Amino acid sequence: MIVMRRAFTLIELLVVIAIIAILAAILFPVFAQARNAAKKTASINNVKQINLAAVMYHSDNDEVTVPRRYTYGAPVPPDNGTLFWSNLMQPYVKNDALFFCPNDRADDPFVQTMAGTARFNMASPYKMYILGLTPSYGMNYVYINDSLPVPGQPGRTYQVGKSMSSFDVTADTVFIAEATMKDITVPAVGGAPTLIKNPIGYHSILPPTMWTTSAYPNATGQGQLWGRFDAKYVIVGFLDGHVKYTSIGKLKPGGSTPELMDRYFNGIGN
């Protein structure tokens, strides 16, 4: 007996293809959202681990905060004569990757000008300097550090930590947050000053009284804070060790005095 096998008609094939296309259109954004959510969770975990390391650092150093930048010698490899806060905390984290958000993959010609290599080239002779200069999270150094001049090096400064007891409410005092060097003008080696155009990370953030009048996406208008998952929100690590995903607007609460405007940075709290 001969068995007749029925083939798909063109209409049936087109219907199947259309269904697959519709399912793909529905599912791909869901997959993208899930992937982005996973990256956000990883970045929040990074800040949690960094905060835990900071608590240990403070405990080992008489409850004094970590300096943002310690300049100790001539600007030569591997660290350009400077140790940033992330470099100083390496003994407590032992993991360079913690200082970089999965969504922070930007590079900039400035890094190549300064260090002769791309930002994520771990073979760079200036690896330590690049890691310290451009982490994904910047430190609230204005209020949790004091600045001092580098002896014998005019124009260069370094920071020293402050006692934790000098902050009234550590739970409302920003320690680190997502940051970028974008829109900062920096001196270039052997040339004119350079404007950073790409959202590479940055080791520092500024309090509201130092924000410019520039509007987003100019980062100077929000003290170099830079949300990599939502333009209006940043991951923040507070001085007491806890982490919160909060709006940039909330970190600029307003007030009748600079002291009140900076209350989430200066230790006064809410």
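Trainee: In the hairpin that strand 9 and strand 10 form, which residue in the turn has a positive phi?

Mentor: This is a predicted model, and everything we say here describes that prediction. Strand 9 and strand 10 form a hairpin, and four residues lie between the two strands. Within that turn, the residue with a positive phi, of about 110 degrees, is Gly241.

Trainee: Over how many bridges do strand 9 and strand 10 pair?

Mentor: Strands of a sheet pair through backbone hydrogen bonds, and the pairing can be either parallel or antiparallel. Strand 9 and strand 10 pair in the antiparallel sense, and one example is Gly237, whose bridge partner in strand 10 is Val243. The number of bridges over which strand 9 and strand 10 pair is five.

Trainee: What is the order of the strands in the open sheet of four strands?

Mentor: We can build the order up from the pairs, beginning with strand 3 and strand 6 (residues 174–178), which run antiparallel and are joined by three bridges, with Gly138 standing opposite Ala177 in strand 6. Strand 6 and strand 9 also pair in the antiparallel sense, over three bridges, and here Ile176 stands opposite Gly237 in strand 9. Strand 9 in turn pairs with strand 10, and the resulting order of the open sheet is 3-6-9-10.

Trainee: Which strands stand at the edges of this sheet, each with a single partner strand?

Mentor: In the open sheet with the order 3-6-9-10, a strand at an edge has a single partner strand, so one side of it is left without a neighbour in the sheet. The strands that stand at the edges are strand 3 (137–139) and strand 10.

Trainee: By how many degrees are neighbouring strands of this sheet turned against each other on average?

Mentor: The sheet in question is the open one of four strands, with antiparallel pairing. If direction is ignored, its neighbouring strands are turned against each other on average by 30 degrees.

Trainee: How many of the six residues of strand 9 are buried?

Mentor: Strand 9 covers residues 233–238, and it is largely enclosed by the rest of the structure because most of it counts as buried. For the whole chain of 270 residues, the buried share is 43%. In strand 9, the number of buried residues among the six is five.

Trainee: Is Thr246 buried or exposed?

Mentor: Thr246 is found in strand 10 (residues 243–247), and leaving aside residues up to four places away in sequence, Thr246 touches Lys232, Tyr233, Val234, Val236 and Leu251. Its relative accessibility is 6%, and a residue under 20% is called buried. Thr246 therefore counts as buried.

Trainee: What separates the C-alpha atoms of Thr209 and Met261?

Mentor: Thr209 is found in the loop between strand 8 (194–195) and strand 9, and Thr209 is partly exposed, with a relative accessible area of 36%. Leaving aside residues up to four places away in sequence, Thr209 touches Tyr143, Pro258, Met261 and Asp262. Although Thr209 and Met261 are 52 residues apart along the chain, their C-alpha atoms are separated by 6.7 Å.

Trainee: With which residue does Asp104 form a salt bridge whose closest N and O atoms are 3.8 Å apart?

Mentor: Side chains of opposite charge can pair when their charged atoms come close. Asp104 counts as buried at 1% relative accessibility, and its partner is also buried, with a relative accessible area of 11%. Asp104 lies in the loop between helix 3 and helix 4 and the partner in the loop between strand 8 and strand 9, so the pair ties together parts that are 124 residues apart in sequence. The residue with which Asp104 forms this salt bridge is Arg228.

Trainee: Which residue forms a salt bridge with Asp96?

Mentor: The whole structure holds five salt bridges, and in the one formed by Asp96 the closest N and O atoms are 3.6 Å apart. Asp96 lies in the loop between helix 3 (90–93) and helix 4 (109–115), while its partner, 31 residues apart from it, is in helix 5 (residues 127–133). Asp96 is partly exposed, with a relative accessible area of 26%, and the residue that forms the salt bridge with Asp96 is Lys127.

Terms used
Residues are numbered from 1 along each chain as its sequence is written. This is a predicted model: local features need pLDDT of at least 70, side-chain atom pairs count only at pLDDT 80 or more; totals for chains, interfaces and linings use all residues. Side-chain values use heavy atoms; hydrogens and water are left out. Buried means under 20% relative accessible area, exposed over 50%, partly exposed in between (1.4 Å probe, protein chains only). Contact means heavy atoms within 4.5 Å. Two strands pair if DSSP finds at least two bridges between them. Axes are lines fitted to C-alpha atoms, for helices over the stretch in contact, and angles run from 0 to 180 degrees between N-to-C directions. A salt bridge is a side-chain nitrogen of Lys or Arg within 4 Å of a carboxyl oxygen of Asp or Glu.
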